[in-house]
Amino acid sequence: MRQLIWLRSDLRVRDNRALGAAMGAGPSLALYLLSPVQWRMHDDAPCKVDFWLRNLAELSHGLASLGVPLLIRRVDTWDEAPALLTRLCHEQNIVRVHVNDEYGVHENRRDAAVERALQAQGVGLQRHLDQLLFAPDSLRTRSGGSFRLFAQFRKACHRHLAVSLPAVGGLPMAQLPLNVVGNDVPAALEGFATPPESLRRLWPAGEIAAQRRLHEFVGNQLAAYAEARDFPAEPGTSRLSPYLAAGVLSPRQCLHALLRTGGFDRPEASAWFDELLWREFYKHILASHPRVSMGRALRTETEALPWRDAPQELAAWQQGRTGFPLIDAAMRQLLATGWMHNRLRMVVAMFLSKNLLIDWRHGERWFMHHLIDGDLAANNGGWQWSASTGTNAAPYFRLFNPLTQSRRFDPEGRFIRQWLPELASLHNRDIHAPAKALRPAGYPLPIVDLPFSRERALAAFKALRRRG
Ligand code: FAD
């Protein structure tokens, strides 16, 4: 009774629900689909695709030690997945395919089409809850709806966790070798440039690397997290997002690492656990409001905002040439490392969508093109939160001032100096908003007047309220 585990964003052997279920049910093979055209349609970043391939190579060793051959197949788009899977199941005498659920619209459509095609051939598709602590339809408001406010969602999660904690799985028992030869993982894929070694070194691949990072963070940095997490020059956050996004690490492994330190809801742990719940929250939002993944605002009335068409300002923002040092340093961090500190993601997103009044969808796309942790739900949720078109509970007029943020969260300009060496010699007092005479040749003047742009954004939002 051969089983197939179809791997997607769950690139690990430990605590992988679909893999555990497949191997518990019978001799198993693993499959991974390279889908370059689909990935380009999703704006997946070259550094992220490289990260997937590097992790897949590590995973193939992990699977081999369990006796599971990894088959690599290529489909340009997921439209080809049903035919490929039915053919493969027929050739390999597979009776059941196991998958861990994903929550995007295309992902759902793909899985439904594959399920129909397999059923017609008498093969089952078994779905597993793996990426999340709670299935999206298992958490409901009193009136049966889905949560749109994080504070309420968080409460519901804590209520559930007080009653039952999701268990963490280990490594499945190895199986007897199958007479099937696995495939090599390609080192690169055309259309996705290999990132420089300096970027790759920041994000070593594999479960061992992810576990090491988790345990170092929980052991050494967790206690200081609530204080340090907003200061981009500090190593204050876990930098686990690429591993969670690719499923090299599971949320249950994070939860249980916290439990081993004394609990997820004690003060030293809860600030970090809340961030894992934000991850959970945005995936629930995506599952219950699929339109957000189709370029639509969660708050539909904000579709009427008069976004500006300002390609030069957009390009200045993208390349880190706005003349606002903190914004420019953050955008350069993104280009060089594939990652940006959370505080700065909020600051640059508000700057684009409010101060420049440029459609948040441009920013969402640029982030996706460059992030190694690019995740549809978290990226969309973060952009819509920042642009006040989504789940932000604060009123639209609470708008970050990038200079105040810079003075508060990078007081000595250490982060700015790291990414804008041309400003390194400036005094702490000047570095956040250098006067014209202090700007080195080539460093631009601010591309927008902050008080004016703030008023322009507020007027645009107020006009929406008048319409509504
Ligand atoms: P930590 O502070 O150590 O948090 C632990 C984990 O919790 C993270 O690894 C991540 O999985 C999750 N998490 C933390 N904050 C958030 C959040 N606000 N929303 C959802 N999950 C969160 N995160 C992504 O994983 N992928 C994205 O594409 C992404 N795009 C974003 C875009 C914008 C505009 C904003 C404002 C935020 C975005 N985030 C995204 C959320 C957050 O910025 C990153 O998860 C965080 O910076 C990752 O760093 P870390 O692993 O050190 O986080």
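This briefing describes a sheet, its covering helices, a helix pair and a ligand shell. The structure is a predicted model. Its open sheet has five strands, arranged in the order β3-β2-β1-β4-β5 with parallel pairing. Elsewhere, helix α13 and helix α17 cross at roughly 75 degrees, and 28 residues surround the ligand.

**The sheet**

- β3 (70–74) and β5 (124–128) are the edge strands of the five-stranded sheet, and each of them pairs on one side only.
- On average, neighbouring strands of this sheet are turned by 25 degrees against each other, with direction ignored.
- Strand β2 (residues 28–34) runs parallel to β1 and is joined to β1 by five bridges.
- Two of the residue pairs in this part of the sheet are I5 with A30 of β2 and W6 with L31 of β2.
- β2 also runs parallel to β3, and five bridges join these two strands.
- A30 stands opposite L70 in β3, and A30 is also the bridge partner of I5.
- Five of the seven residues of β2 are buried, so the strand is mostly covered.

**L7 in strand β1**

- L7 belongs to strand β1, which spans residues 2–7.
- L7 has 23 other C-beta atoms within 10 Å and is therefore buried, the cut-off for this class being 20 or more.
- Leaving aside residues up to four places away in sequence, L7 touches A30, L31 and Y32.
- L7 and L33 are separated by 26 residues in sequence, while their C-alpha atoms are 8.0 Å apart in space.

**Helices on the sheet**

- Helix α1 (residues 17–25) lies across four strands, namely β1, β2, β4 (94–100) and β5.
- The direction of α1 is at about 160 degrees to β4.
- Helix α4 (residues 81–92) packs on the sheet as well, where it touches β1, β2, β3 and β4.
- The direction of α4 makes about 135 degrees with that of β4.

**The α13 and α17 pair**

- The axes of helix α13 (residues 325–337) and helix α17 (residues 402–409) come within 8 Å and cross at roughly 75 degrees.
- Because of this crossing angle, α13 is roughly perpendicular to α17, a class that covers angles of 65 to 115 degrees.
- From α13, the residues P325, L326 and I327 meet P402, Q405 and S406 of α17.
- The residues of this contact comprise four nonpolar and two polar ones, with no charged residue.

**The shell around the ligand**

- Among the 28 residues around the ligand, T237, S238, S241, N379 and G382 come nearest.
- Four helices each supply at least two residues of the shell: α9 (241–245), α11 (267–288), α14 (342–355) and α16 (376–386).
- Helix α16 gives the most to the shell, with six residues.
- By residue class, the shell divides into 12 nonpolar, nine polar and seven charged residues.

Definitions and conventions:
Residues numbered from 1 in each chain as written. Predicted model: local features only at pLDDT ≥ 70, side-chain atom pairs only at ≥ 80, totals over all residues. Buried ≥ 20, exposed ≤ 12 C-beta atoms within 10 Å, placed from the backbone. Contact = placed C-beta atoms within 7 Å. Pairing = 2+ DSSP bridges. Axes fitted to C-alpha atoms, helices over the stretch in contact; angles between N-to-C directions. Parallel < 35°, antiparallel > 145°, perpendicular 65-115°, else oblique. Nonpolar A, V, L, I, M, F, W, Y, C, P; charged D, E, K, R; others polar. Near = placed C-beta within 6 Å.
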